[in-house]
Amino acid sequence: MSRYLTELDDELCWFPSPSHALEEPNGLLAIGGDLSPARLLAAYHSGIFPWNEPHQPLLWWSPDPRGVIVPDELHIGRSLQKYLRRTPFDITIDYAFDEVIAACAAPRRSASGTWISAPMIDAYRQLHRLGHAHSVEIWQDGQLQAGLYGLSLGRLFCGESMFSRIDNGAKLAMVALCRHFARHGGALIDCQMQNDFLATLGVQEWPRSRFLTTLASLIKQPLQDGCWQQRRISL
């Protein structure tokens, strides 16, 4: 199988097969294009996502292997279980999408910059208004302390980013997402690539071929009604 980097046409919302993605850097597939809703949805439906540093052109990826979490198999260690029992918090769905993505884009002490640029923020806010992108929020004493956002495609949720201002806040947001999503028929969470944080939650690495086959099936299967209705939820 030949592997090459494709330059996208600005007019056509088309992507090459992920099988053509480069091995190094892992999964780099295409360059250019735009962040229109049509192109972003075409990308996610094909197992492709955008990611680039602010100084780089728009890059599109489909890594192999793919990091995923099966909601019903989420690993919750004993210390996290104790935290969930003892810590007061409120959880909401889609109450503060704009604030969540802004917090995810804010500079962090552990990184020199952020990949979530102003055009990225605008693009995902537009997807949220169209009903495709959603957020989970964690509140304490009326203050937004953690959250995550991503795209919902049938029974698949494509996670994009998360933030936390409190200990275990990001883990709590992931637990809330997994349990809520599973209760409404959600079957898989796309984490894109494994990292140390996700490893503590039981992320699995699937061959890209398996992920793409599963994606093609899950995006055709609807969730139960009300999954993304704006509301407060419980664990």
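Is Asp94 buried or exposed, and what is its relative accessibility? At 8% relative accessibility, Asp94 counts as buried. Keep in mind that this is a predicted model. With that said, let's take a walk through the chain.

**An unusual backbone angle, twice**

Asp94 sits in the loop between β6 and α3 (97-105). Its backbone is worth a look too: the phi of Asp94 is near 60 degrees, a positive value in a residue other than glycine. Most residues other than glycine have a negative phi, and most peptide bonds are trans. Gln192 is another case, with a positive phi of about 70 degrees although it is not a glycine. Gln192 belongs to strand β10 and counts as buried, at 10% relative accessibility.

**Two cis peptide bonds**

Now for the peptide bonds. Glu24 and Pro25 are joined by a cis peptide bond, with omega at about -5 degrees. You'll find Pro25 in the loop between β1 and β2. A cis bond also joins Asp64 to Pro65, where omega is about 10 degrees. Pro65 has its place in the loop between β4 and β5.

**How the strands pair**

Strands of a sheet pair through backbone hydrogen bonds, either parallel or antiparallel. Here, 4 strands make an open sheet, in the order β1-β2-β4-β3, and the pairing is mixed. β1 (6-8) and β3 (49-50) are the edge strands, each pairing on one side only. On the β3 side, 2 bridges connect β3 to strand β4 (residues 59-61), and these two run antiparallel. To see one of the contacts, look at Pro50: its bridge partner in β4 is Trp60.

Strand β6 has partners as well. It is joined to strand β7 (residues 133-140) by 4 bridges, running antiparallel, and Thr92 has Glu137 as its bridge partner in β7. Another 3 bridges join β6 to β12, again antiparallel. There, Ile91 stands opposite Ile233 of β12.

**Salt bridges**

How many salt bridges does the count come to? The total is 5. The table shows some of them, with the N to O distance for each pair.

| Pair | N to O distance |
|---|---|
| Glu23 and Arg3 | 3.4 Å |
| Arg66 and Asp190 | 2.8 Å |
| Arg232 and Asp90 | 3.9 Å |

Start with Glu23 and Arg3, whose side chains meet in a salt bridge. Glu23 is in the loop between β1 and β2 while Arg3 is in the segment before β1, so the pair ties together parts that are 20 residues apart in sequence. Glu23 is exposed, with a relative accessible area of 57%, whereas Arg3 is partly exposed at 37%.

Next come Arg66 and Asp190, which form a salt bridge with their closest N and O atoms 2.8 Å apart. This pair links distant parts of the chain: Arg66 is in strand β5 (residues 66-69) and Asp190 in strand β10 (residues 188-192), 124 residues apart. Both Arg66 and Asp190 are buried. Strand β10 may ring a bell, as Gln192 with its positive phi lies there too.

Then there's Arg232 with Asp90, another salt bridge between side chains. Arg232 is in strand β12 (residues 231-233) and Asp90 in strand β6 (residues 90-93), so to speak of distant parts of the chain is fair: they are 142 residues apart. Arg232 counts as exposed at 56% relative accessibility, and Asp90 is partly exposed, with a relative accessible area of 31%. Since β6 and β12 are also joined by bridges, these strands are linked by backbone pairing and by a side-chain contact.**Patches of charge on the surface**

Which residues gather in a patch of negative charge on the surface? They are Glu7, Asp9, Asp10 and Glu11. Glu11 has its place in the loop between β1 and β2 (28-32), and Glu11 is exposed, with a relative accessible area of 68%. That loop also holds Pro25 and Glu23.

A patch of positive charge appears on the surface as well, where Arg78, Lys82, Arg85 and Arg86 gather. Arg85 lies in helix α2 (residues 78-86) and counts as exposed, at 62% relative accessibility.

Conventions: Residues numbered from 1 in each chain as written. Predicted model: local features only at pLDDT ≥ 70, side-chain atom pairs only at ≥ 80, totals over all residues. Heavy atoms only, no water. Pairing = 2+ DSSP bridges. Patch = residues over 30% accessible without salt bridge, like charges linked within 9 Å, V, L, I, M, F, W, Y side chains within 5 Å. Areas by Shrake-Rupley, 256 points an atom, 1.4 Å probe, with all protein chains shown as cover. Salt bridge = Lys/Arg side-chain N within 4 Å of Asp/Glu carboxyl O. Lys, Arg positive; Asp, Glu negative; His and termini not counted. Charge placed at Lys NZ, Arg CZ, Asp CG, Glu CD. Buried < 20%, exposed > 50% of the residue type's maximum accessible area, 1.4 Å probe, protein only.
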